[in-house]
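Please walk through this structure slowly, keeping the sequence and the 3D view side by side as you read.

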Amino acid sequence: MKKHVYFPFFLILMIAVQPLVLAQQKVLTIDDYTRWSQIRGTQISNNGQWMAYSLRPNGGDDTLHVTSLNNDTKYIIPNASGVVFSNDNKYAAYSISPDEDTRENLRSKNQPVHTKAELLDLSTGEKIQVERMNSMTFSEDGRFWAVHREKPDDDKSKHSGSDLVVRDLSTGVTQNYGNVSEFSFNKRSDHLAYLVDAAEMIGNGVYLKNLSTGSISALDSDSTRYRDLSWDDEDAHRSEWMNKGRSIAVLKGTKVDSLLHIDNTLMVFDPVTDPGRKLSLSTISIDAFEDEMVISEDRDLSWSSDGNLIMIGLKEQGPVIKVDRDTVANVDVFHWKDDRIQTVQERQANRDRNFTWLATYNTSNVKVTPVTRPGLKDAEISDHSRYMVVRDEEPYINDVNWGVSPADLYRVNILTGDRDQFASNIKRDMGYSPDGRYFLYQSATEQDTALIVYDLEEGTNTNISEASETLFMDMDHPYPHENPPFGIAGWTADGDYVIVNHKYDLWMLALDGSEATNITRGIGDEEEIRFRYLTMDPDEEYIDLSKDLMLTAFGKWTKKDGFYALRMGREPRELRFEDASFGRPMKARDADRVIVTRQTFVDFPDYYLTDTRFRRLNKVTDANPQQSEYAWGKRVLIEYENDRGIKLQGTLALPANYEEGKKYPMIVYFYEQMSDRHHQYSMPVYDDRPHMSTYASNGYLVLMPDNVYEEGRPGTSSLDCITAATQKVIDLGYADPDKIGLQGHSWGGYQSSFILTQTDMFATVVTGAPPTNLTGFYNNIYGNTGTNHHGIMEIGQVRMGRGVTPWTHREIYNRENPMFYVPDIETPFMILHGTADGAVDWSQGLEFYNAARRMGKEVVFLSYPDEPHHLRREANQIDFQIRMKQWFDHYVIGAPAADWMQNGIPYLEKRYLLPED
């Protein structure tokens with residue numbers, strides 16, 4: 001009987017309390033953003049027993065958390081980041097910086113800001129600090145911890161050497177080595193090599209410490225500068241470490257003021273255990289070059305996989321030419337024959353200045369062979385001991401290349417320098433097999449599109465996609481240039497196949513072209529689930545078909561995300577596939593332990609502990625527990641069609657405490673494809689975009705719709721898609737048709753500006769960093785790179801079409817140009833732009849404002865001095881977030897207008913101009 005009495009009472013109590021709890025939840029405002037933190041720098045120990053991450057609050061400093069995954073042990077270190085575990089799982093090391101206030105105070109006084117290195121004993125909690133850290137590392141076996149220190153602040157000497165502190169963690173003995181400029185452990189961890197650069201070059205040289213015996217030997221010593229220390233195992237795979245780590249290469253040389261480049265000598269110690277085995281190489285004459293060549297420190301030394309060759313960089317030597325700037329004109333000559341316009345040359349000047357020709361030095365026969373040469377400047381580095389692929393892009397350089405870099409491909413024998421062209425005008429390559437024998441690329445002609453494998457040893461091209469009768473080109477690629485392939489999963493361990501991606505499925509293609517197999521058996525295409533191969537082993541070279549393959553899975557229309565397992569010859573088997581979004585899993589190297597993030601619109605991407613079958617998810621971080629105090633929304637998917645009958649989706653954030661049947665105000669935020677962000681957490685951060693969580697908490701709907709384009713119709717296509725999506729939400733009964741605002745930034749800024757001129761569907765529009773005059777924009781410069789906009793306009797994001805220019809197709813440019821429709825604007829709008837925008841010139845926003853102002857339109861231009869394409873200064877980010885919210889609140893829901901919206905802010909009343917506190 002008691003059950004019958006108390007159970008209904010319990011239900012009544014819960015029903016009564018629930019609205020009270022919801023009513024007590026706070027509305028999220030920008031003042032609350034400081035309570036939110038991001039997780040950064042996550043690591044897991046090799047044995048899977050420890051995890052480390054930093055929490056960084058908005059506008060705050062990192063706090064490092066080193067936590068046991070077995071028990072409740074946790075170490076919390078303020079102002080720490082950059083953690084790394086020792087490979088023996090006994091220690092964690094990280095850097096500690098002063099807090100932000102201290103850093104700003106030091107900078108304001110032009111004083112250096114130093115960081116500390118700290119070592120944490122995971123079993124005892126004991127900590128050891130080293131001041132003035134420049135860099136730090138563990139030896140691969142975890143026995144030694146080395147910290148390279150910065151020089152003391154009062155040391156104004158010109159030599160680069162400083163103290164190196166090395167601690168033997170097995171004995172606790174710490175040693176200090178003075179005037180060290182570079183250092184490196186070999187991978188097998190039995191030797192430490194270091195370079196000395198001391199005052200007046202006294203004692204400069206290459207030194208080797210035997211970590212087993214403690215003995216130190218000088219491999220070479222001279223009154224000169226040593227640099228670019230390189231072990232032969234530096235880029236070796238883990239399986240090769242025990243067979244290497246016995247040879248060192250280094251450069252030495254002294255700068256001569258009258259010459260452009262240091263005349264370096266290459267020193268090779270092979271092996272380091274034999275002091276008498278020393279090779280050297282200095283100035284070189286090569287038939288391919290007119291001038292003598294010097295070995296340059298602008299290219300790092302590296303070793304071939306077999307250890308017989310050293311890759312070196314060569315430069316033409318020349319005299320230093322000095323000028324009197326008072327008598328020499330400062331002029332940039334823009335010439336029509338320039339392969340790159342002057343602004344590009346200016347932005348790429350350091351790259352060009354530091355360019356080196358690649359050559360090999362054979363330690364067996366002491367021969368130097370050029371790999372690149374005039375006309376063949378770009379080498380694709382591989383592990384092959386005899387051949388490499390070199391690209392010649394010169395025949396295809398032009399201003400319209402955007403997103404593609406066409407090139408002729410050559411095989412170069414790195415032992416002899418012989419070269420053979422094997423493909424021409426290739427725009428999409430997919431790289432080498434792990435051993436460098438095969439090179440995969442896409443060949444696209446008017447007659448055929450194929451995946452081609454070039455066998456560098458045999459010198460043969462094979463069409464490996466022909467057997468499938470399937471096109472591996474992404475036909476949904478949104479830009480009007482050569483569509484890319486879907487990418488590569490990997491090469492099989494038997495050496496006979498490569499596994500490539502299709503739209504949804506994975507295909508295994510025989511390297512001899514004889515067969516093609518859909519290894520996911522068409523399930524991806526049938527269910528519209530995109531499968532992709534996932535490896536969690538950073539040392540993996542090849543895919544082992546004898547084991548289960550791990551796959552990621554994403555549902556195109558459901559937005560489900562997760563993981564499948566694939567046994568060859570069977571259908572993919574679901575492990576975890578749900579309404580959420582997962583990050584890339586991170587596996588412990590030596591244990592079946594995995595950490596992975598899981599997020600939804602409501603759930604912050606915290607980390608969970610699981611295994612490689614994803615059987616259970618155990619939450620191990622809780623970065624933002626305060627979220628439960630705030631009213632939060634949720635998301636639903638909507639589907640709609642544009643006027644061309646193309647099926648599209650949008651993700652719609654519903655307001656907190658949403659009531660079915662009630663019509664709400666709405667903000668539409670868009671760019672291109674947005675619905676795939678359906679399960680993306682809406683992190684309150686300082687930036688220049690509307691945050692869905694904030695607006696949903698404040699009673700708004702937020703729609704993020706998909707957008708597809710018809711070539712030559714960038715504005716009218718977006719008008720079609722965005723209005724269709726908005727109308728669908730209205731028709732479904734969610735949105736109040738009289739209370740809808742629109743926001744877009746950059747490319748979205750162009751589209752929102754165009755839409756503004758074409759419809760009165762929106763109560764207001766906020767457009768950020770917008771290209772607004774397509775004719776002028778076509779010949780503008782992309783400030784960050786110096787390139788003009790011909791490529792992005794024709795075959796890039798604007799999609800006008802190759803060869804479609806303002807002169808050949810004036811009517812198209814006029815039709816898609818927001819500036820041409822300014823008199824038709826009937827909607828109040830606001831523009832955001834930074835004066836130092838390196839993507840869309842600030843004048844584009846100003847021009848739109850001036851035109852609208854002249855036509856008597858209701859417009860405000862928020863111009864932020866010295867800000868780039870996206871606002872960078874925190875105070876400005878906060879300012880814009882506040883003003884954008886005030887703008888939408890007034891024009892969408894009828895809140896009183898802020899004073900700056902009604903009256904502006906006279907220049908002399910800017911608070912920024914007032915004296916500092």
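A residue is called buried when its relative accessible area is under 20%, exposed when it is over 50%, and partly exposed in between. With that cut-off in hand, and remembering that this is a predicted model, we can begin with D197, which counts as buried because its relative accessibility is 4%. D197 forms a salt bridge with R225, and the closest N and O atoms of the two are 3.1 Å apart. This pair links distant parts of the chain, since D197 sits in the loop between β13 (191–196) and β14 (205–210), while R225 belongs to strand β16 (residues 225–231), 28 residues apart. R225, in contrast to its partner, is partly exposed, with a relative accessible area of 25%.

The whole structure holds 47 salt bridges, and another of them joins the side chains of E629 and K26, with an N to O distance of 3.0 Å. Here the two partners are 603 residues apart, with E629 in the loop between β45 (618–619) and β46, and K26 in the loop between α1 (2–24) and β1 (37–44). E629 counts as partly exposed at 31% relative accessibility, and K26 is also partly exposed, at 36%.

The strand β46 (residues 634–641) leads us onward, for it pairs in the antiparallel sense with strand β47 (residues 647–654) over 8 bridges. Within this pairing, L637 has T651 of β47 as its bridge partner. The hairpin made by β46 and β47 has 5 residues between the strands, and G645 takes a positive phi near 80 degrees in it.

Further along the chain, in the loop between β48 (664–669) and α6 (692–697), we find E672, which counts as buried because its relative accessibility is 9%. The side chain of E672 makes a polar contact of 3.2 Å with the side chain of Q797, and, among residues more than four places away in sequence, E672 also touches others including Y479, W747 and R799.

Another loop, between β51 (764–768) and α9 (774–778), contains P770, which is buried, with a relative accessible area of 0%. P770 and S753 are 17 residues apart in sequence, yet their C-alpha atoms are 7.2 Å apart in space. Beyond its neighbours within four places in sequence, P770 is in contact with residues that include S753, I831 and H833.

Finally, what is the character of L908, buried or exposed? L908, found in the segment after α14 (899–903), is exposed, with a relative accessible area of 76%. Together with Y907, Y912 and L913, L908 makes a nonpolar surface patch of about 550 Å².

Conventions. Residues are numbered from 1 along each chain as its sequence is written. This is a predicted model: local features need pLDDT of at least 70, side-chain atom pairs count only at pLDDT 80 or more; totals for chains, interfaces and linings use all residues. Side-chain values use heavy atoms; hydrogens and water are left out. Patches are made of residues with over 30% relative accessible area and no salt bridge: like charges are joined within 9 Å, nonpolar side chains (Val, Leu, Ile, Met, Phe, Trp, Tyr) within 5 Å. Accessible areas come from the Shrake-Rupley method with a 1.4 Å probe; for residues, only the protein chains shown count as cover. A salt bridge is a side-chain nitrogen of Lys or Arg within 4 Å of a carboxyl oxygen of Asp or Glu. Helices (H or I, at least four residues) and strands (E, at least two) are DSSP runs, numbered from the N terminus. Buried means under 20% relative accessible area, exposed over 50%, partly exposed in between (1.4 Å probe, protein chains only). A polar contact is a pair of N or O atoms within 3.5 Å; within protein, one must be able to donate a hydrogen and the other to accept it, and residues adjacent in sequence count only if both atoms are side-chain atoms. Contact means heavy atoms within 4.5 Å. Two strands pair if DSSP finds at least two bridges between them.
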